[in-house]
Amino acid sequence: MSLALVAMSGGVDSSVTAALLKEQGHDLVGVFMRNGVQSGDHAEKGKQGCCSVGDSMDARYVAHELGAKFYVLNFSDEFRLVIDYFVAEYKRGRTPNPCAVCNTDLKFGKLYDYAKMLGAEFVATGHYARTAFRDGRYRLYRGRDHDKDQSYYLFGLTQRQLALARFPLGEMSKAQVRELARKFKLKTRDKPESMEICFVPEGDYRAVVARHDPSALRPGPIVDTRGRPLGEHGGVAQFTIGQRRGIGIAAEKAYYVVRLEPQTNTVVVGDEEDLSLQSMRVERLNWIALEGLAPGESLRALVKVRYRHRGAPATVLARADGTCDVLFDEPEKGVSPGQCAVFYAAAGERQFDPEECLGGGWIA
């Protein structure tokens, strides 16, 4: 059987991924990606993080039990670039998505090169997503369990990367994965699920921003949509579009962050209806199900503007500058520049599978 490289985080998903491939007869190389962040003992205190020393030990233990080779790779320099991007985006008044960047640049970027060096046929991860090769292209589909589907974070994978990617959990639910973990008697079978960004183990992204770039936290004005002053903030990087709690102003009604203006260091707040947008611009597009759209060409899609978003029906219209406009059928709330806009097959689009991820880009 072929050699498989498995990205092992020390969690139950990647552990079951490795066990399934072993059961199928593949030779395994397990790889743990060290991010260089000193996260302390948060995992041992029951907090939901990943990439700690304890996680590395769990991954090593599972690999040993499966008879797989295991390596810890020092990706601290590469993760530093991801952290720099993360901080810079907040400083610009944008909301970053480091998991999507990590998947494209590291898990299926640097690990791709490492897999080729070892002679591995493919790279497997514990993502809940599916792939297939159809009509001359590699395709990406939602995970069968929509509550766990992670195709949103994988929209940036190229044809070359998708050709190498394997997602053994794509047809399963989390409950089925836990059941398999117990069947295989894996050490990680009852381990809590990781919910946080790996280099923000305590869940406080503001502390990461302050530590890496204190200049991102300059005080400035909070104003309403008419420009009337309402208070002062401690840094644009401390806010995200749609935020309601923790704005720091005393008012009789609820205010929402509707716009961030880093040029003037201003936070603009307004009513909930002020969050609604009819359209958005999307840049740095990556198409998966098709080569792309010619300027002026359009398609119908279900567009997700954040991971937990159900998706909104919209028309995607290509522009001559390589970006596209997304025109929502109904006004959409909570659109944050810097986040991913991911396109899925719209109802009634016969040329695509209803579960298919067509591609996506970054909200400009």
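**Salt bridges, nonpolar cores and a pocket in the predicted model**

In the predicted model, Met195 is located in the loop between H6 and H7. Met195 has a relative accessibility of 55% and is therefore classed as exposed, the cut-off for that class being over 50%. The C-alpha atom of Met195 lies 25 Å from that of Tyr112, a residue 83 positions away along the chain.

The largest nonpolar core comprises 51 residues. Within this core, Leu5, Phe86, Leu111, Leu140, Phe167 and Phe199 touch the most other members. At least two core residues each come from strand E1 (3-7), strand E2 (27-34), H3, H4, helix H5 (159-164), helix H7 (205-212), strand E16 (340-345) and strand E17 (356-363). The greatest contribution to this core is that of H4, which supplies nine residues. The surroundings of Leu140 were examined with its neighbours within four places in sequence left aside. On this basis, Leu140 is in contact with Ala129, Arg130, Thr131, Ser151, Leu154, Phe155, Leu162, Phe167, Ile288, Glu355, Glu356 and Cys357. A second core, separate from the other, contains 26 residues, including Ala19, Phe32, Phe122 and Tyr128. In soluble globular proteins, nonpolar side chains tend to be buried together.

Arg130, one of the contacts of Leu140, also takes part in a salt bridge with Glu171, with 3.9 Å between the closest N and O atoms. Arg130 belongs to strand E5 (residues 129-134), whereas Glu171 is in the loop between strand E7 (165-166) and helix H6 (174-183). This pair links distant parts of the chain, the two residues being 41 residues apart. The partners differ in accessibility class: Arg130, at 13% relative accessibility, is buried, while Glu171, with a relative accessible area of 47%, is partly exposed.

Across the whole structure, 28 salt bridges were found. One of them joins the side chains of Arg94 and Glu283, with an N to O distance of 3.7 Å. Arg94 lies in the loop between helix H3 (76-91) and helix H4 (98-118) and Glu283 lies in strand E12 (residues 277-287), so this salt bridge ties together parts that are 189 residues apart in sequence. Arg94 is buried, at 8% relative accessibility, because the limit for that class is under 20%. Glu283 has a relative accessible area of 24% and is partly exposed.

A further salt bridge is formed by the side chains of Asp321 and Arg319, at 3.5 Å from N to O. Both residues of this pair are partly exposed, with values of 49% for Asp321 and 30% for Arg319. Elsewhere, salt bridges with shared partners connect Glu89, Arg92, Arg94, Glu283 and Arg284 in one network. Side chains of opposite charge can pair when their charged atoms come close.

The second largest pocket encloses about 360 Å³ of space. Its lining consists of 16 residues, and those nearest the centre of the pocket are Ile241, Val258, Arg259, Leu260 and Pro337. Strand E10 (residues 256-261) makes the greatest contribution to the lining, with three residues. By residue type, the lining of this pocket comprises ten nonpolar, two polar and four charged residues.

Note on methods. Residues are numbered from 1 along each chain as its sequence is written. This is a predicted model: local features need pLDDT of at least 70, side-chain atom pairs count only at pLDDT 80 or more; totals for chains, interfaces and linings use all residues. Side-chain values use heavy atoms; hydrogens and water are left out. A salt bridge is a side-chain nitrogen of Lys or Arg within 4 Å of a carboxyl oxygen of Asp or Glu. Helices (H or I, at least four residues) and strands (E, at least two) are DSSP runs, numbered from the N terminus. Buried means under 20% relative accessible area, exposed over 50%, partly exposed in between (1.4 Å probe, protein chains only). On a 1 Å grid over the protein atoms alone, a cavity is a set of points where a 1.4 Å probe fits but cannot get out, and a pocket is an open set with protein on both sides within 12 Å along at least five of seven lines; lining residues have an atom within 4 Å of a point. Grid points are joined across faces, edges and corners, and a volume is the space filled by probe spheres set on the points. Ala, Val, Leu, Ile, Met, Phe, Trp, Tyr, Cys and Pro count as nonpolar, Asp, Glu, Lys and Arg as charged, and the others, Gly among them, as polar. A nonpolar core is a set of buried Ala, Val, Leu, Ile, Met, Phe, Trp, Tyr and Cys residues joined through side-chain atoms within 4.5 Å. Contact means heavy atoms within 4.5 Å.
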